[in-house]
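Colleague: Please take me through this structure, since I have not worked with it before.

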Amino acid sequence: MTASGCVTVHGELEVVPAATKSESAKALADFTTAYNAADKAYDPALDADRVTGSLGAINQAGLKARQKNNPGGNANHRPLELTDATYVIPKKAGWPRWFVADTDSNRDQDSEQDTRWLIVFLRSGPDAGWQAAYLSVVAPAEVPTFAKDGDGLARPVAADSSELSVAPEDLSTQYTEYLQKGEPDVFAPGVATTGWRDTRRNTRRAGFSYQYIDQPLDGGTFGPLGLETEDGGALVFFSSKHFEQQTAAKGLRPPVNADVQALLTGEVKTTLTKERVSSQLVYVPKKGAANGAEVIILNRLPGLTAAKGS
């Protein structure tokens, strides 16, 4: 122990692989088993210890809503199967430790619309279990070639990296500011950027007004996680939070569907506010890249987590 109180226990100061391949495979299997049990029963308690971060917030709120609306469970349950898994494991010191499972799911058509499920597993400390923190669904061609070190392990990207066009720790703030103001304009045009802003501007309904608030979500298990790609850029997972407020004119009331009702607090009289958590998977080019500096959003996974009436 040093004067600063720093001590090497459980490898906190040693640069080591975040997980072994067998450990990674077990984490994926345990997650899949728990996910299927929770989905079949619509019981968030059955996979609460296997999810965290933005995926956990979305998963738990969704199960809570479905449980309230379907107390008998999921009559249409179809077990999730995750196969053909490869594990992208970085070498790092300290906690949290994490890795990415690149898998094929049975939720697509392999011959026509094949997708890969990229699941980030996070372990917050030496006594903690592996939990799924991020899920992104992308086309196989969108999965980049990752940079490897001399041991064949992935290279993690520091949250404050100055080698990229945008540091991972700034992505959530810059994305939510962009949605609010249209700047900083560092994101490539697409459904989750220019398209989403256009949708908001063009949302119209007689007798109703809409307001949107976007907030960064980047602390703790919601923090960004990135891996260096072979071209010097990075693949980064990050989170954000979004509010949609609908206000009705006198004599009208915002509509409330069953999923919203299940998560609702308060009484909807003239105003309904929906809260969503969202995770994004982005490709961030290296600073000064010849093919441009725009951040490309490859996938966005949003989920309703709360609703409030007034």
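Modeller: The questions below go from the whole chain to one sheet and then to charged pairs. This is a predicted model, in which local features need pLDDT of at least 70 and side-chain atom pairs count only at pLDDT 80 or more, while totals for chains, interfaces and linings use all residues. Residues are numbered from 1 along each chain as its sequence is written, and side-chain values use heavy atoms, with hydrogens and water left out.

Colleague: How many helices and strands does the chain have?

Modeller: Both kinds of element are DSSP runs numbered from the N terminus, a helix being H or I over at least four residues and a strand being E over at least two. Counted in this way, the chain has 5 helices and 13 strands.

Colleague: What is the radius of gyration of the chain, beside the value from the globule rule?

Modeller: The radius of gyration is taken over C-alpha atoms, and the globule rule is 2.2 Å times the number of residues to the power 0.38. For 310 residues the rule gives 19 Å, and the chain comes close to this, so it is as compact as a globular protein of that length. The C-alpha trace spans about 70 × 55 × 50 Å along its principal axes. The radius of gyration itself is 21 Å.

Colleague: What percentage of the residues of the chain count as buried?

Modeller: A residue is buried under 20% relative accessible area, exposed over 50% and partly exposed in between, with a 1.4 Å probe and protein chains only. Of the 310 residues, the share that counts as buried is 46%.

Colleague: In what order do the 4 strands of the open sheet stand?

Modeller: Two strands pair if DSSP finds at least two bridges between them, and the pairing in this open sheet is antiparallel. β2 (82–88) and β6 (131–138) each have a single partner strand and stand at the edges, so one side of each is left without a neighbour in the sheet. On average, neighbouring strands here are turned by 25° against each other, direction ignored. The order of the sheet is β2-β4-β5-β6.

Colleague: Which residue of β6 is the bridge partner of Arg116?

Modeller: Strand β5 (residues 116–123) runs antiparallel to β6 and is joined to it by 7 bridges. On its other pairing, 7 bridges join β4 to β5, and there Thr103 has Trp117 as its bridge partner. For Arg116, the partner in β6 is Val138.

Colleague: How many of the 8 residues of β5 are buried?

Modeller: Both faces of β5 are covered, with Arg116, Leu118, Val120 and Leu122 buried on one side, and Trp117, Ile119, Phe121 and Arg123 buried on the other. The strand is largely enclosed by the rest of the structure, because the number of its 8 residues that are buried is 8.

Colleague: At about what angle to β2 does helix α1 run?

Modeller: Axes are lines fitted to C-alpha atoms, for helices over the stretch in contact (heavy atoms within 4.5 Å), and angles run from 0 to 180 degrees between N-to-C directions. Helix α1 (residues 21–41) lies across β2, β4 (97–105), β5 and β6. Its angle to β2 is about 140°.

Colleague: Which residue forms a salt bridge with Asp149?

Modeller: A salt bridge is a side-chain nitrogen of Lys or Arg within 4 Å of a carboxyl oxygen of Asp or Glu, and the whole structure holds 11 of them. In this one, the closest N and O atoms are 3.8 Å apart. Asp149 counts as buried at 19% relative accessibility, and its partner is Lys91.

Colleague: How far apart in sequence are the parts that Asp151 and Lys91 tie together?

Modeller: Asp151 also forms a salt bridge with Lys91, the closest N and O atoms being 2.3 Å apart. Because Asp151 lies in the loop between β6 and β7 and Lys91 in strand β3, the pair ties together parts whose separation in sequence is 60 residues.

Colleague: Is Glu244 buried or exposed?

Modeller: Glu244 forms a salt bridge with Arg276, with closest N and O atoms 3.4 Å apart. The pair links strand β10 (residues 234–248), which holds Glu244, to strand β12 (residues 271–284), which holds Arg276. Arg276 counts as partly exposed at 26% relative accessibility, whereas Glu244, at 18%, counts as buried.

Colleague: What distance separates the C-alpha atoms of Thr273 and Glu244?

Modeller: Thr273 is found in strand β12, and its contacts beyond four places in sequence include Phe243, Glu244 and Gln245. Thr273 and Glu244 are 29 residues apart along the chain, yet the separation of their C-alpha atoms is 5.6 Å.
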